[in-house]
Amino acid sequence: MQNEIKEVLISKEQIDQKCQEIGKQLTEEYDNKFPLAIGVLKGALPFMSDVCRHIETHIEMDFMDVSSYGNEMRSSGEVKIVKDLNTQVEGRDLLIIEDIIDSGLTLRYLVDLFKYRKARSIKIVTLLDKPAGRTADIKADLVGFEVPNEFVVGYGLDYQEKYRNLPYIGILKPEVYGG
Ligand SMILES: O=P(O)(O)OC[C@H]1O[C@H](OP(=O)(O)OP(=O)(O)O)[C@H](O)[C@@H]1O
Ligand SMILES: [Mg+2]
């Protein structure tokens, strides 16, 4: 698996450090507010797991499984809900946890959905932001790292369901995707 990576963009140590910093900020922001932290599966799983362990105030956790990339490197443009929340969001302070904002279509869809469901507040934290990919109008409240306009994998992010278990963020060798 490791020999299929062309370049490590963000190391495990950088990610660990960032999770600590973001956890500290979220602790201050949500102290005594009992927010609902919503992990967007599957990509956000490692980031949510690591960042939540640095939040030192009560939070509730739920998950939404949405998919728009399938096995492709471009968004299909259609966000499919694979699994909805189990929790009512009306009147709640929501913290959406994402691995990456690329086109922004996934988050645009989710934010509109949670507004319609009458959330009290909605904030977005994302490990990665790829501004050059943006087609929808959406911005995160907290961003870990900006990434260039390349397809990245690792730490939750997949190419054809592989590489999610890498501990760092990297770029694949072109031959892996037949480039
Ligand atoms: O800003 P966007 O262009 O919408 O891209 C971001 C979304 O795409 C990926 O999910 P994907 O649909 O691949 O599902 P997955 O998390 O299960 O891999 C990623 O995990 C984000 O949720
Ligand atoms: Mg994916």
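Four bridges join strand S2 (36–41) to strand S5 (93–101), and the two strands run parallel. This pairing is a useful place to enter the structure, which is a predicted model. Within the pairing, Ile38 has Ile96 of S5 as its bridge partner. Strands of a sheet pair through backbone hydrogen bonds, either parallel or antiparallel.

**Strand S2 and its neighbours**

S2 also pairs with strand S3 (residues 60–67), again in the parallel sense, and this pairing extends over six bridges. One of the bridge partners here is Glu60 in S3, which is matched with Leu36. Together with helix H2 (residues 45–52), S2 and S3 make a β-α-β unit that is right-handed. S2 itself is mostly covered, since five of its six residues are buried.

The loop between S2 and H2 holds Lys42, and the peptide bond leading from Leu41 to Lys42 is cis, with omega near 0 degrees. Most residues other than glycine have a negative phi, and most peptide bonds are trans.

**The nonpolar core**

The largest nonpolar core has 38 residues, and those with the most contacts inside it are Ile38, Phe47, Val51, Leu94, Leu95, Ile96 and Ile97. Helix H1 (12–30), S2, H2, S5, helix H3 (105–116), strand S6 (121–129), strand S8 (152–153) and strand S9 (169–172) each supply at least two residues of this core. S5 gives the most to it, with six residues. Ile38 and Ile96, which are bridge partners between S2 and S5, both appear among the core residues with the most contacts.

**The surroundings of ligand 1**

Which residues are the closest to ligand 1? Of the 18 residues that surround this ligand, the closest are Gly43, Tyr69, Asp102, Ser103 and Thr106. The elements that give two or more residues to this shell are S2, S5 and H3. The largest share comes from S5, which contributes four residues. By character, the residues of the shell divide into six nonpolar, seven polar and five charged. S5 therefore has two roles in this description, as the element with the largest share of the ligand shell and as the one that gives the most to the nonpolar core, if the reader takes the strand as DSSP assigns it.

**The sheet of S1, S9 and S8**

A further set of three strands forms an open sheet in the order S1-S9-S8, and the pairing is antiparallel. Its edge strands are strand S1 (5–10) and S8, each of which pairs on one side only. Four bridges join S1 to S9, whereas S8 and S9 pair over two bridges. Ile171 of S9 is the bridge partner of Val152, and Glu7 also stands opposite Ile171. Val153, in turn, stands opposite Gly170 in S9.

**Exposed loop residues**

Three loop residues are brought together in the table, with the number of other C-beta atoms around each.

| Residue | Loop | Other C-beta atoms within 10 Å |
|---|---|---|
| Phe34 | between H1 and S2 | 12 |
| Asp84 | between strand S4 (80–83) and S5 | 12 |
| Glu161 | between S8 and S9 | 9 |

Phe34 counts as exposed because it has 12 other C-beta atoms within 10 Å, and a residue is exposed if 12 or fewer lie within that distance. Phe34 also has a positive phi of about 45 degrees, although it is not a glycine. Glu161 is exposed as well, because 9 other C-beta atoms lie within 10 Å, and its phi, near 70 degrees, is likewise a positive value in a residue other than glycine. Asp84 is exposed with 12 other C-beta atoms within 10 Å. Asp84 and Asp62 are 22 residues apart in sequence, and their C-alpha atoms are 9.4 Å apart in space.

**The annotated span**

UniProt, in an unreviewed entry, places the feature "domain: Phosphoribosyltransferase" at residues 13–160. In this model the end C-alpha atoms of that span lie 26 Å apart, and the span is 26% helix and 29% strand.

How values were computed: Residues are numbered from 1 along each chain as its sequence is written. Chains are lettered from A and ligands numbered from 1 in the order in which they are written. This is a predicted model: local features need pLDDT of at least 70, side-chain atom pairs count only at pLDDT 80 or more; totals for chains, interfaces and linings use all residues. UniProt positions are given in the numbering used here, feature names are shortened, and annotations may be inferred rather than shown by experiment. A residue is near a molecule or strand if its C-beta atom, placed from the backbone, lies within 6 Å of it. Ala, Val, Leu, Ile, Met, Phe, Trp, Tyr, Cys and Pro count as nonpolar, Asp, Glu, Lys and Arg as charged, and the others, Gly among them, as polar. A residue is buried if 20 or more other C-beta atoms lie within 10 Å of its own, exposed if 12 or fewer, and partly exposed in between; C-beta atoms are placed from the backbone. Two strands pair if DSSP finds at least two bridges between them. A crossover is right-handed if, with the strands pointing away from the viewer, the path from the first strand over the helix to the second runs clockwise. A nonpolar core is a set of buried Ala, Val, Leu, Ile, Met, Phe, Trp, Tyr and Cys residues joined through C-beta atoms within 7 Å.
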